Amino acid sequence: GVNVVFLPDHEELVTITVFPVIYFGNILPEVAWSIQERVKADVEKYTGLIVEAVHVHVKGVITREESRK
């Protein structure tokens, strides 16, 4: 899921929280950093908003076999 919060004082500033499910075996800090960079860049590029922060809360870890079911 994704949660977007607009700051009350500045309508163009947003804080975004994402809740990804990660595959087992990936390095969590690297995945989180990649998500933060990509979300920030895409939101700013396509909406013109200024992203103040992107929070990543890993919701779960699954194996590749679980994803096939």
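## Fold and selected residues of a predicted chain

Read from its beginning to its end, the chain runs through secondary structure elements in the order β-β-β-α-β-β-α. The model is a predicted one. The elements amount to 2 helices and 5 strands. The chain is more spread out than a compact globule, because its radius of gyration is 14 Å, well over the 11 Å that the globule rule gives for 69 residues. The C-alpha trace spans about 45 × 20 × 15 Å along its principal axes.

**Surface and contacts of the whole chain**

Of the 69 residues in the chain, 20% are buried. The accessible surface comes to about 5,300 Å², and carbon and sulfur atoms account for 57% of that surface. Contacts can also be sorted by separation in sequence: among those between residues at least 6 apart, 57% join residues at least 24 apart.

**Two threonines of strand β2**

Strand β2 covers residues 13-18 and includes Thr15. Thr17 also has its place in strand β2. Thr15 has a relative accessible area of 14%, and it is therefore classed as buried, the cut-off for this class being under 20%. Thr17, with a relative accessible area of 12%, is likewise buried.

The contacts of these residues, leaving aside neighbours up to four places away in sequence, reach other parts of the chain. Thr15 touches Asn3, Val4 and Val5, and also Glu52, Ala53 and His55. Thr17 is in contact with Gly1, Val2 and Asn3, as well as with His55 and His57. Asn3 and His55 thus appear in the contacts of Thr15 and again in those of Thr17.

**A nonpolar patch and strand β5**

Phe24, Leu28, Val58 and Val61 together make a nonpolar patch on the surface, with an area of about 370 Å². One of these residues, Val61, is found in strand β5, which comprises residues 60-62. Val61 has a relative accessible area of 46% and is therefore partly exposed; this class lies between the limits of 20% and 50%. Membership of a patch requires over 30% relative accessible area, and the 46% of Val61 is consistent with its place there.

The accessibility of the three residues described above is set out below.

| Residue | Relative accessible area | Class |
|---|---|---|
| Thr15 | 14% | buried |
| Thr17 | 12% | buried |
| Val61 | 46% | partly exposed |

In summary, Thr15 is buried in the model, as is Thr17, whereas Val61 is partly exposed and contributes to the nonpolar surface patch.

Conventions. Residues numbered from 1 in each chain as written. Predicted model: local features only at pLDDT ≥ 70, side-chain atom pairs only at ≥ 80, totals over all residues. Heavy atoms only, no water. Patch = residues over 30% accessible without salt bridge, like charges linked within 9 Å, V, L, I, M, F, W, Y side chains within 5 Å. Areas by Shrake-Rupley, 256 points an atom, 1.4 Å probe, with all protein chains shown as cover. Salt bridge = Lys/Arg side-chain N within 4 Å of Asp/Glu carboxyl O. Helix = DSSP H or I, 4+ residues; strand = E, 2+ residues; numbered from the N terminus. Buried < 20%, exposed > 50% of the residue type's maximum accessible area, 1.4 Å probe, protein only. Contact = heavy atoms within 4.5 Å. Rg over C-alpha atoms; globule rule 2.2 N^0.38 Å.
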